[in-house]
Amino acid sequence: MRLGALAALAGLLAACAADQTGSVLTPAVIKVPEQAPKTTGRTRSDEADHAKLVASFGGEYRAPAAHRLISEITDRLVRASDRPQESYAVTLLDSPVVNAFALPSGRLYVTRGLLALASDSSEVAAVLAHEIAHVTLRHATARSEMALRSQLVSRVVADVLNDPVTGAQLESQSKFTLARFSREQELEADTNGVRVLAQAGYDPFGAGRFLDALQRTMALKTGNGSAAEPDMLATHPATAERIALVTRAARRIGAPGLGTDDRAPYLAAIDGLAYGDNPGEGLVRGRRFLHPGLGIAFEVPDAFAIENTRNAVLGTTPEGSRRLLFDQVEASGDRSLEDVLRATWNDAIEAGSVENRIIGGRSAVTALSRGKDWTFRLAAVRMGETTYRMIMAAKGATDPEPAFRRWLESLRPIEPEEAAALKPAHLRIVTAAPGDTVEGLARRMSVPDRAVDRFLVLNGLQRGAAVRPGQGYKLVVE
């Protein structure tokens, strides 16, 4: 969760309460669309757009070995593509979200989250080949690109950073919409990407492997496979369909085992890569959330798994019958907390349920809201000059108040010593020794839960697989 006001989610829960869809407490998906063929040269506007996009995805991530490898992969793919004369400047983004996208200005962006998930160069090359294919196949016209370019960047910045100035600009430019490629175009880019992947000397089956890993890691996030963060699945056809398509395309080229064995050099390039949340934007440690920058921490009730997104901390129980959301809202100091709560919740608040409280020496207002299929507990809490919202939803008529109260009372300031002790997680590549097992290596991982499942997904292994002595594997450590 970033510093600054996060009003982008202000109407989210109210909308969920009103329409009672299955997406309750799920933030809006942001997907930067692939763009039209690039123009020659880069204008001052291109450079400004680049700076805004990099900032909205957490800034540029400095990893020379990884950057060099991704640039080499990109060059090989472009030479094997239908437009070998083109060139791309690669930027690594400091974001745990799994994503990549290309802009017509000749810029290609890859998140560190994508690099962490991939297990070899062919898997990364498959993603890049797909993104480049959207450009080479001319899936957006030059006219559309010119009309949408400025809004593309503004929309990403507004949704990710919640810049109110940009948001106002977007309102006045509402006639523009983000371009999204059709299902047919996505599948065409998949097929074209597999062909270029093989022509460049990479394993064409890497596309299917990566899509499978992506689907599995999204399922680990929420327990049901739905993505709470903007990711590569957001605007694409069903992943199972895509996996089947790219696997058929690879089989038409040859049998598994094509391409170079590029696992070891790839793992060497990402050894030490930052993994997961940036401490400056908050960290999840089991059921605890700690944000050194905001100076706050809380602990969620048993059975909740939480995830730190750009806009909020989200939580859910395994069966999805309870959800929670924590975010920061804009509120002047002279505005009452009850006003803040009502202003950020568009559905009805139950009469007589609003209570003013002092919790841990801090002012708070709580309330109850009942929808058709969900019951919500709401709170606005003021800590210093900052106001936070805490919302818990329970499916049906059951009031989640007991669990909500425990969560609310756990909100506290972080002591400086505690903040200083927080260390970011990173990848460490280890070589399996004789006698090592999946379970044994997984126990060395610094992850909140399901260490074996996370180890398997991170290393492209299926359940029941054995580690091979002498082969490198990714571990998440602090």
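Colleague: Where is the place of Thr317, in terms of the strands around the loop?
Modeller: This is a predicted model, and within it the strand β9 covers residues 313–316 while β10 covers residues 322–329. Thr317 has its place in the loop between β9 and β10.

Colleague: Is Thr317 buried or exposed?
Modeller: The relative accessibility of Thr317 is 4%, and the cut-off for a buried residue is under 20%. Because of that 4% value, Thr317 counts as buried.

Colleague: Which side chain makes a polar contact with the side chain of Thr317?
Modeller: Leaving aside residues up to four places away in sequence, Thr317 touches Ala303, Phe304 and Arg322. A polar atom of the Thr317 side chain also lies 3.5 Å from the backbone nitrogen of Ser321. The side-chain to side-chain polar contact, at 2.9 Å, is with Glu319.

Colleague: How many residues of strand β13 are buried?
Modeller: Side chains in a regular strand alternate between the two faces of the sheet, which makes it useful to take the faces one by one. On one side of β13, Trp374, Phe376, Leu378, Ala380 and Arg382 are buried, and on the other Thr375, Arg377, Ala379, Val381 and Met383 are buried as well. Strand β13 (residues 374–383) is therefore largely enclosed by the rest of the structure, with a buried count of 10 of the 10 residues.

Colleague: In β13, which residue is the bridge partner of Leu368?
Modeller: Strand β12 (residues 362–370) pairs with β13 in the antiparallel sense, over seven bridges. The two strands form a hairpin, with three residues between them. Within β13, the bridge partner of Leu368 is Arg377.

Colleague: Which residue in the turn between β13 and β14 has a positive phi?
Modeller: β13 runs antiparallel to strand β14 (residues 386–395), and 10 bridges join them; Met383 stands opposite Thr386 in β14. These strands form a hairpin with two residues between them, and the turn residue with a positive phi, about 65°, is Gly384.

Colleague: Which are the edge strands of the open sheet with the order β4-β16-β17?
Modeller: This open sheet has three strands in the order β4-β16-β17, with antiparallel pairing. An edge strand here pairs on one side only, and that applies to β4 (274–275) and β17 (472–477). β4 pairs with strand β16 (residues 425–431) over two bridges, and Ala274 stands opposite His426 in β16. The edge strands are thus β4 and β17.

Colleague: What angle does the direction of helix α11 make with that of β17?
Modeller: Helix α16 (residues 451–458) lies across β4, β16 and β17, and runs at about 135° to β17. Helix α11 (residues 263–270) also packs on the sheet, where it touches β16 and β17, and its direction makes an angle with that of β17 of about 20°.

Colleague: Why do the buried residues of α11 line one face of the helix?
Modeller: The buried residues of α11 are Arg263, Tyr266, Leu267, Ala269 and Ile270. They line one face because, in a view down the axis of α11, they fall within an arc of 160°. On the other side of α11, Ala264 and Ala268 are exposed, whereas the cover over the buried residues includes α3 (64–80), α4 (112–117), α5 (121–136), β16 and β17. The value that places the buried residues on one face is the arc of 160°.

Colleague: In the sheet with the order β1-β3-β2, how many bridges join β1 to β3?
Modeller: This is an open sheet of three strands with mixed pairing, and its edge strands are β1 (89–93) and β2 (100–103). Leu92 has Val110 as its bridge partner in β3. β1 and strand β3 (residues 107–111) run parallel, and the number of bridges that join them is five.

Colleague: At what angle does α5 run to β2?
Modeller: On the sheet with the order β1-β3-β2, α3 packs so that it touches β1 and β3, and its direction makes about 140° with that of β1. α5 lies across β2 and β3, and its angle to β2 is about 30°.

Colleague: What percentage of the residues in the protein is buried?
Modeller: The protein has 16 helices and 17 strands, and among its contacts between residues at least 6 apart in sequence, 68% join residues at least 24 apart. Of the 478 residues in the protein, the buried share is 55%.

Key:
Residues numbered from 1 in each chain as written. Predicted model: local features only at pLDDT ≥ 70, side-chain atom pairs only at ≥ 80, totals over all residues. Heavy atoms only, no water. Helix = DSSP H or I, 4+ residues; strand = E, 2+ residues; numbered from the N terminus. Buried < 20%, exposed > 50% of the residue type's maximum accessible area, 1.4 Å probe, protein only. Contact = heavy atoms within 4.5 Å. Polar contact = N/O pair within 3.5 Å; in protein donor to acceptor, adjacent residues only side chain to side chain. Pairing = 2+ DSSP bridges. Axes fitted to C-alpha atoms, helices over the stretch in contact; angles between N-to-C directions. Arc of directions from axis to C-beta.
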